[in-house]
Amino acid sequence: MAESKSAKLLVEGKEVDLPILTPTAGPEVIDIRKLYGQGDVFTYDPGFTSTASCDSTITYIDGDKGELWYRGYPIEQLAAESHYLEVCYLLLYGELPTETQLTDFENRVTRHTMVHEQMHNFFRGFRRDAHPMATMVGVVGAMSAFYHDSVDINDPLQREIASIRLIAKMPTIAAMAYKYSIGQPFVYPRNDLSYAANFLHMCFSVPAETYNVNPALARAMDRIFTLHADHEQNASTSTVRLAGSSGANPFACIAAGIACLWGPAHGGANQAALEMLRQIGSVDRIPEYIAKAKDKSDPFKLMGFGHRVYKNFDPRAKVMKESADEVLDLLGVHNNPTLQVAKELEKIALEDEYFIEKKLYPNVDFYSGIILEAMGFPTSMFTPIFALSRTVGWISQWKEMIADPQNKIGRPRQLYIGSPRRDYIDIVKR
Ligand code: SDX
């Protein structure tokens with residue numbers, strides 16, 4: 001990135017000259033790396049609302065226009081024309097694969113979908129009613145105890161093997177977490193099925209009978225994976241990068257990302273959004289909840305609404321909304337009350353001056369739960385499916401950071417507002 005111009009900062013009479021870096025797209029950035037050294041001051045930006053933590057070539061978001069690109073390709077085109085494993089290749093390696101490259105990549109992923117048989121024992125340590133996200137954090141972290149041949153982050157080959165293993169095994173681990181929670185036997189992956197069909201088969205087939213995956217549902221599942229694959233420097237991706245900056249192994253870093261994604265302000269919002277829609281229950285109760293969302297004294301927020309970056313429609317929400325109609329029609333779930341409430345809630349909210357003024361629109365989590373519920377998933381599986389989908393984004397961002405020669409441990413500073421220095425007081429004098 002060429003330095004084109006600079007910003008001048010006057011601090012206590014001292015002028016600090018800070019380069020301005022020019023991006024391919026989006027806002028220019030002021031490079032403040034030498035600010036503390038030259039100006040003896042920190043910047044202050046809790047929540048990183050105005051801070052670029054890195055440079056990246058992977059994903060671009062324009063929040064005002066509601067645009068999302070993976071390696072320059074708009075999400076709408078990828079959702080319509082591509083499929084998840086091709087998107088994985090694109091995110092990992094930067095270009096759309098040739099037919100040969102894609103076949104080779106799909107074969108490599110397919111042949112890593114089984115987990116070490118010993119890992120089955122980890123699940124038995126959890127209560128059956130454990131949230132599947134708790135299980136996934138534990139089991140994915142434990143992968144570093146099994147796959148010692150892919151934890152040396154300084155070996156590009158080991159980084160590659162770890163990436164393939166994580167993308168390949170996440171559906172198996174997520175499906176095992178689901179099966180364990182409902183007391184059904186684990187179902188092994190099948191190499192004759194596509195990535196999405198394999199996941200549905202591992203979740204919904206039982207030994208007692210044959211389960212044929214509905215190709216249209218597999219297509220819808222695959223599209224959901226693509227829509228969630230990556231999203232710039234969101235909270236969980238930033239967590240993975242920060243964990244990776246210490247040199248932690250990739251399995252530990254992805255486990256950290258899963259833990260962060262679990263929060264209801266982030267990936268946990270898809271579960272919270274569906275539970276909210278169920279709680280609202282009917283269209284006539286929407287005004288009551290809109291009022292709660294606007295009431296500053298009420299902590300209630302419309303789950304699935306609002307976004308740090310999007311101040312326009314989340315492009316993923318648009319695709320998801322279309323997909324919800326398709327899937328529910330396919331399943332003959334017409335007039336799904338939850339979908340009716342969701343559509344009416346979206347309509348009313350987008351006409352309300354509070355939401356217009358604060359630029360709050362439906363995000364990726366608003367409609368996804370409706371589709372997943374219609375497919376037969378319990379709400380507790382919504383965020384694990386988000387985690388499964390986002391693994392390729394996390395690992396692509398992790399690889400980009402590790403391969404960056406400028407990479408150094410992430411270590412923010414602070415604005416200290418605690419007590420001035422003071423001497424210890426013996427307990428008898430307190
Ligand atoms: C994801 O970062 C990513 O890219 C994440 C993600 C990804 O793919 O990785 O896109 C996935 O996490 C999507 C977001 C899912 N979360 C939710 O749906 C939870 C509900 N949304 C909010 O919690 C909130 O909108 C956030 C957390 C998503 C964004 O919060 P910000 O950017 O910190 O914005 P904010 O909380 O400062 O909100 C600005 C104002 C506030 O009012 P004021 O203090 O200015 O008066 O808008 C209000 C908020 O109170 N507001 C809402 C609201 N979201 C924000 N009011 C009611 N309902 C909401 N949903």
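**View 1. The open three-stranded sheet of the predicted model.** In this predicted model, three strands form an open sheet in the order β4-β5-β6, and their pairing is antiparallel. The edge positions are taken by β4 (59–62) and β6 (73–74), each of which has a single partner strand, so one side of each is left without a neighbour in the sheet. Strands of a sheet pair through backbone hydrogen bonds, in either a parallel or an antiparallel sense.

**View 2. The hairpin of β4 and β5.** Strand β4 pairs with β5 (residues 67–70) in the antiparallel sense over four bridges, and Glu67 in β5 is the bridge partner of Asp62. Four residues lie between the two strands of this hairpin, in which Gly66 takes a positive phi near 65 degrees. The faces of β4 are both covered, with Thr59 and Ile61 buried on one side and Tyr60 and Asp62 buried on the other. In β5, by contrast, there is a covered face, made of Leu68 and Tyr70, and an uncovered face, made of Glu67 and Trp69.

**View 3. The hairpin of β5 and β6.** Antiparallel pairing continues from β5 to β6, here over two bridges, and Pro74 in β6 is the bridge partner of Trp69. Trp69 is also one of the residues on the uncovered face of β5. The hairpin has two residues between its strands, and Arg71 in the turn has a positive phi of about 50 degrees.

**View 4. The enclosed cavity and its lining.** The structure holds one cavity of 30 Å³ or more, and the space in the largest cavity comes to about 50 Å³. Its lining is made up of Met114, Val115, His120, Thr172, Met176, Phe186, Val187, Tyr188 and Pro189. Sorted by residue class, this lining has seven nonpolar residues, two polar residues and no charged ones. Empty space of this kind is revealed by rolling a probe the size of a water molecule over the atoms.

**View 5. The second largest pocket.** About 250 Å³ of space lies in the second largest pocket, which is lined by 19 residues, with Leu85, Leu193, Ser194, Tyr195 and Ala196 lying nearest its centre. Helices α4 (99–110), α7 (156–181), α8 (195–204) and α9 (215–227) each supply at least two residues of the lining. By class, the lining of the second largest pocket divides into nine nonpolar, seven polar and three charged residues.

**View 6. An aromatic cluster that includes Tyr195.** One aromatic cluster is formed by Tyr84, Tyr178, Tyr195, Phe199, Phe204, Tyr211, Phe225 and Phe377. Tyr195 is among the residues that lie nearest the centre of the second largest pocket, and Tyr195 therefore appears both here and in the preceding view.

**View 7. The edge-to-face pair of Tyr289 and Phe300.** The count of aromatic pairs in the model comes to 23. In one of them, Tyr289 and Phe300 meet edge-to-face, at 5.7 Å centre to centre and with 65 degrees between the planes. This pair links distant parts of the chain, eleven residues apart, with Tyr289 in helix α13 (residues 286–294) and Phe300 in the loop between α13 and α14 (315–330). Tyr289 and Phe300 are both buried.

**View 8. Positions listed in the UniProt record as active site.** The unreviewed UniProt entry lists His307 and Asp365 under "active site". Although these positions are spread over 59 residues of sequence, they cluster in space, and the largest C-alpha distance is 10.5 Å. His307 is placed in the loop between α13 and α14, and this residue is partly exposed, with a relative accessible area of 22%.

**View 9. Lys34 and its separation from Val392.** Lys34 lies in the loop between β3 (29–30) and α1 (35–39), where this residue is partly exposed, with a relative accessible area of 35%. Lys34 and Val392 are 358 residues apart along the chain, and their C-alpha atoms are separated by 33 Å.

Terms used. Residues are numbered from 1 along each chain as its sequence is written. This is a predicted model: local features need pLDDT of at least 70, side-chain atom pairs count only at pLDDT 80 or more; totals for chains, interfaces and linings use all residues. Side-chain values use heavy atoms; hydrogens and water are left out. On a 1 Å grid over the protein atoms alone, a cavity is a set of points where a 1.4 Å probe fits but cannot get out, and a pocket is an open set with protein on both sides within 12 Å along at least five of seven lines; lining residues have an atom within 4 Å of a point. Grid points are joined across faces, edges and corners, and a volume is the space filled by probe spheres set on the points. Ala, Val, Leu, Ile, Met, Phe, Trp, Tyr, Cys and Pro count as nonpolar, Asp, Glu, Lys and Arg as charged, and the others, Gly among them, as polar. Two strands pair if DSSP finds at least two bridges between them. Buried means under 20% relative accessible area, exposed over 50%, partly exposed in between (1.4 Å probe, protein chains only). Rings of Phe, Tyr and Trp (its six-membered ring) pair if their centres lie within 6.5 Å; planes under 30 degrees apart count as stacked, over 60 as edge-to-face and the rest as tilted. UniProt positions are given in the numbering used here, feature names are shortened, and annotations may be inferred rather than shown by experiment.
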